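Visitor: I am new to this structure. Please show it to me, and tell me how its terms are earned.

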Amino acid sequence: MRDIAVFTGSAHPDLAKEICEHLAVPLMPTRIDRFANDCIEVQLQGNCRERDVFLIQPLVPPTQEHLAELLFMLDAARGASAARITVVLPHYAYARSDKKDAPRISIGGRLVADLLTTAGADRVLAMTLHSPQVHGFFSIPVDHLHALRELAHHFRGYDLSNTVVVSPDLGNAKEAAAFARMLGIEVAAGAKQRFADDKVVISSVIGEVADRDVIVLDDEIAKGSTVFELLARLRERNVRSVRVACTHGLFSNDAVRRLSAEKEIEEIVCTNTVPIPKHKATDKLTVISVAPALAEAMRRIHNGESVSALFA
């Protein structure tokens, strides 16, 4: 593949390297320095002139540091006369800030989208945004992938004859229903209310889950508050077993180990859109790579082919 240049920041270099292996192109080096006054300087150490440049950077903790790196990478690529700059966002953390649900708060998802565009992004390739409306925050083309196909491929290896997919809330029910159709099984959903970042209440589960195996599907797991609350409701309905699946396994505050300690949970499945430190791994954790899907989407963008065909 010619006339393509791929760079990454410090957020998730392992994923960027794997993507480049699938594309059969080198990962260009990036130098990130910090001045004595704590300002960041970024240098793209590869030729960008008249090239199709891809910048791979999930927004993961420290999120603001990695966002600043990405903005400087964009500015550097634009200043180096790149023909087109595509931001590859395996995880867009600010997608959760998608509405004004309290007085005098910012809508971070829209603001950061504007920042990326102003800094020089011509296109965005994202994976499993928190809600569909975030797509509309960008004034540039967005290719929005999801990891349902990769997750479904994993779960097809199990006996699903008595299994139901459960969405923790009604907002994610559409994705859960699509996932259930891929597996040929039924779907249910929790009735959730969120009162704070780590305070949720699920009053009931809508659907038939009693004496069944459950696959809990969510877009991301951070502290795990929603999963623990849903697990309490599932216990009341006497489910047989629980497997937890998500695209973005953030697992803050040792969430993956606390989830693994629950006897009903047989497996926790996530993708590698965000880095999973080795010290967080447990015997119950399975990590699926989305590098092939992202690489194929990048190849199609570069060649002017349909990306939506990936979902056919």
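Guide: Start with a term: buried means under 20% relative accessible area, exposed over 50%, and partly exposed in between, with a 1.4 Å probe and protein chains only. This is a predicted model, where local features need pLDDT of at least 70, side-chain atom pairs count only at pLDDT 80 or more, and totals for chains, interfaces and linings use all residues. Residues are numbered from 1 along each chain as its sequence is written, and side-chain values use heavy atoms, leaving out hydrogens and water.

Visitor: Why is Cys-270 called buried?

Guide: Its relative accessible area is 0%. The limit is under 20%, so Cys-270 counts as buried.

Visitor: Why is Cys-270 not bonded to Cys-246?

Guide: A disulfide is a pair of cysteine sulfur atoms within 2.5 Å. The sulfurs of Cys-270 and Cys-246 are 5.3 Å apart, so they are too far for a bond. The structure holds 0 disulfides. Cys-20 is in none either: the nearest cysteine sulfur, in Cys-48, is 13 Å away.

Visitor: What makes strand β13 mostly covered?

Guide: β13 spans residues 265–271, and 6 of its 7 residues are buried. Strands are DSSP runs of E, at least two residues; helices are runs of H or I, at least four; both are numbered from the N terminus.

Visitor: How do you know that β12 and β13 pair?

Guide: Pairing takes at least two DSSP bridges between two strands. β12 (residues 241–249) and β13 have 4, so they pair, and they run parallel. Arg-243 stands opposite Glu-267 in β13. β13 is also joined to β14 (residues 285–288) by 4 bridges, again parallel. There, Val-269 stands opposite Thr-286.
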